[in-house]
Amino acid sequence: MTTAENAESATAGNPAASLAHPRFAAALEELGLDVEIRRFPDETRTAQQAAEAIGCEVSEIAKSLVFAADGVPVLVLMDGASRVDVERVREELGAGKVTRADAKVVRETTGYAIGGVPPFGHRTRPRVLADRGLLDHALVWAAAGTPHTVFALDPKTLVAQAGATLVDVREPSE
């Protein structure tokens, strides 16, 4: 059996059995999304850890990364094998300066700790950018609100539910 087969799972449609963070489970219910939540004994905090636990390619992980554009939080959804080009984000937003948000800003903005930030279901409604590269996959995996939980969704639905704008903000390949 693979690690993924050994992972505990539950459906978000059953709140008593949900393994997702309560805020994220409520967001799934509110959006009418019935997804399987998988919980792993080891952390899935990084894209590499998540891919190894799930048994998928790193590029099939949808990272939810928080940046500050002129001090205003913005969420960027990026495939796990790529890096965000901060200059492209700056240009896309028309901002003077874009930096990676610190852990305090991430938690204040989303309600989740770094390594468990889902693509939607946040404490606030930040502007969301999704790199077009996510659409290269039939299915992507994202954090379900904790560093031990993930869920899968087709990328078009993920982008739509996140209220994201599709952009090209990945660092160029070398």
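**From Leu 77 outward**

Leu 77 touches a spread of residues, even when those up to four places away in sequence are left out. The list begins with Lys 63, Ser 64 and Pro 119. Val 128, Leu 129, Ala 130, Asp 131 and Leu 134 are also on it. Leu 158, Ala 162 and Ala 164 complete it. All of this is read from a predicted model.

Where does Leu 77 belong? It is one of the residues with the most contacts inside the largest nonpolar core. Phe 24, Ile 37, Phe 120 and Phe 151 are the others named for this. The core has 28 residues. Two helices give two or more residues to it: H2 (22-31) and H6 (155-162). The strands that do so are S3 (62-69), S4 (72-79), S6 (127-131), S7 (140-143) and S8 (149-153). There is also a second, separate core, with 14 residues. Phe 67, Ala 69, Val 84 and Val 167 are among them.

Now turn to the rings. The protein has three aromatic pairs. In one of them, the ring centres of Phe 24 and Phe 151 lie 5.0 Å apart. Their planes meet at 40°, so this pair is tilted. Phe 24 sits in helix H2 and Phe 151 in strand S8, so the pair ties together parts 127 residues apart in sequence. Both residues are buried.

Phe 151 has another partner, Phe 120. Here the centres are 6.0 Å apart and the planes are at 70°, so the pair is edge-to-face. Edge-to-face requires an angle over 60 degrees. Phe 120 lies in the loop between helix H5 (103-110) and S6, while Phe 151 is in strand S8, so this pair joins parts 31 residues apart in sequence. Phe 120 is buried, as is Phe 151. Ring pairs thus link Phe 24, Phe 120 and Phe 151 into a cluster.

What sits over the ring of Tyr 112? The charged end of Arg 23 does, 5.8 Å from the ring centre.

Step back to the whole protein. It has six helices and nine strands. Of its 174 residues, 50% are buried. Take the contacts with a separation of 6 or more: 63% of them are between residues 24 or more positions apart. The accessible surface comes to about 8,600 Å². Carbon and sulfur atoms account for 46% of that surface.

How values were computed. Residues are numbered from 1 along each chain as its sequence is written. This is a predicted model: local features need pLDDT of at least 70, side-chain atom pairs count only at pLDDT 80 or more; totals for chains, interfaces and linings use all residues. Side-chain values use heavy atoms; hydrogens and water are left out. Helices (H or I, at least four residues) and strands (E, at least two) are DSSP runs, numbered from the N terminus. Buried means under 20% relative accessible area, exposed over 50%, partly exposed in between (1.4 Å probe, protein chains only). Contact means heavy atoms within 4.5 Å. Accessible areas come from the Shrake-Rupley method with a 1.4 Å probe; for residues, only the protein chains shown count as cover. A nonpolar core is a set of buried Ala, Val, Leu, Ile, Met, Phe, Trp, Tyr and Cys residues joined through side-chain atoms within 4.5 Å. Rings of Phe, Tyr and Trp (its six-membered ring) pair if their centres lie within 6.5 Å; planes under 30 degrees apart count as stacked, over 60 as edge-to-face and the rest as tilted. A charge sits over a ring if NZ of Lys or CZ of Arg is within 6 Å of the ring centre and within 35 degrees of the ring normal.
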